[in-house]
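Student: Hi! Could you walk me through this one while I have it open?
Tutor: Happy to, let's have a look together.

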Amino acid sequence: MSSSAAERGQEYALETKGLLKQFASVKAINHLTIAVPRGGITSIVGPNGSGKSTLINMLSGTLPIDEGMVVLDGTALRVIKPYDSPSHGVTRTFQEVRLFDQMSLWDNMLVVLTKRNVLGALLERAGTAHSSRAQELLEMVGLWDKRAAFAEELSYGQRKLLEIARALAMDVKLYLFDEPFAGLFPAVLEKVKVLLQDLKKEGKTIIFIEHNMDLIRELSDYIFVLDSGELLAEGEVHEVLARPEVIEAYLGT
Ligand SMILES: Nc1ncnc2c1ncn2[C@@H]1O[C@H](COP(=O)(O)OP(=O)(O)O)[C@@H](O)[C@H]1O
Ligand SMILES: [Mg+2]
């Protein structure tokens, strides 16, 4: 018995169809068509400048789509607005961490939990569901003791952890992480690994950008390799990383 297209579509958390992003003469994402499996951890790899961040920026609405579309949970989208993306079930972190530097860690969490309503976050009283979730997430990333500090006082690794805690606070289906491990000390790196694996256990779909081959092999169920904004390879991680054209793309940089 063959399944309908709609049923088959349910296998994918996200699809792109002919996605294009052009900066002057550079096609950063060049008519890219991919389908990301639902559930599990998918990595996006490729040399510097291959379009990885641009793709995540388009999927999260940070950059407008020039041509093509994104299909999220069966809904075709030609326009994704950044603050709409949670309603589409998507959240993300940035390669360059973005926080409210002049606010405490606690308020940074509550702003997300109260749906980015800064006033709502400041009026929020202890004892609510949002407060207990904020505490749970800050404990999870090991920043509970620093809850009263301003975000600007944090170290680089702590900033990344806070950004991940904020992403986890969104409680969406699809999480996009742009180089979550870059520049982290081993102990912090281990913590982030566990956070991603826990999300996977909850049945979420995780897409992350990474350069470190050991981390890619260890964490990914599926992999897309980009080169100059185009798809060079995709598939099961160990098989794809053994392909000559993939090895060559890396050695060539
Ligand atoms: N905002 C921008 N303005 C102009 N060019 C950009 C911009 N963002 C990315 N690019 C260009 O698009 C290409 C892909 O960049 P990027 O997506 O950041 O690559 P990656 O994340 O794989 O290193 C590069 O050539 C880069 O210089
Ligand atoms: Mg990048």
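Tutor: One term to start with: a residue is near a molecule if its C-beta atom, placed from the backbone, lies within 6 Å of it. Also keep in mind that this is a predicted model.

Student: OK, so which residues are around ligand 1?
Tutor: Phe-23, Val-26, Ala-28, Gly-46, Asn-48, Gly-49, Ser-50, Gly-51, Lys-52, Ser-53 and Thr-54. Two elements, β2 (26-37) and α2 (52-59), each give two or more residues to that shell.

Student: Which element gives the largest share of the shell?
Tutor: That's α2, with three residues.

Student: And how does the shell around ligand 1 split by class?
Tutor: Seven residues are polar, three are nonpolar and one is charged.

Student: Switching topic: which residues touch the most other members of the largest nonpolar core?
Tutor: Met-109 and Ala-165, in a core of 62 residues. Helix α3 (residues 105-113) gives the most to this core, seven residues.

Student: What does Met-109 touch, then?
Tutor: Leaving out residues up to four places away in sequence, Met-109 touches Ala-134, Leu-137, Leu-138, Ala-165, Arg-166 and Ala-169.

Student: Now the helices: at roughly what angle do α6 and α7 cross?
Tutor: The axes of α6 (residues 156-168) and α7 (residues 186-201) cross at roughly 10° and come within 11 Å. So α6 is roughly parallel to α7.

Student: Which residues meet there?
Tutor: From α6, Gly-157, Leu-161 and Ile-164; from α7, Val-188, Lys-191, Val-192 and Leu-195. By class, the residues of this contact are five nonpolar, one polar and one charged.

Methods:
Residues are numbered from 1 along each chain as its sequence is written. Chains are lettered from A and ligands numbered from 1 in the order in which they are written. This is a predicted model: local features need pLDDT of at least 70, side-chain atom pairs count only at pLDDT 80 or more; totals for chains, interfaces and linings use all residues. A nonpolar core is a set of buried Ala, Val, Leu, Ile, Met, Phe, Trp, Tyr and Cys residues joined through C-beta atoms within 7 Å. A residue is buried if 20 or more other C-beta atoms lie within 10 Å of its own, exposed if 12 or fewer, and partly exposed in between; C-beta atoms are placed from the backbone. Helices (H or I, at least four residues) and strands (E, at least two) are DSSP runs, numbered from the N terminus. Two residues are in contact if their C-beta atoms, placed from the backbone, lie within 7 Å. Ala, Val, Leu, Ile, Met, Phe, Trp, Tyr, Cys and Pro count as nonpolar, Asp, Glu, Lys and Arg as charged, and the others, Gly among them, as polar. Axes are lines fitted to C-alpha atoms, for helices over the stretch in contact, and angles run from 0 to 180 degrees between N-to-C directions. Angles under 35 degrees count as roughly parallel, over 145 as roughly antiparallel, 65 to 115 as roughly perpendicular and the rest as oblique.
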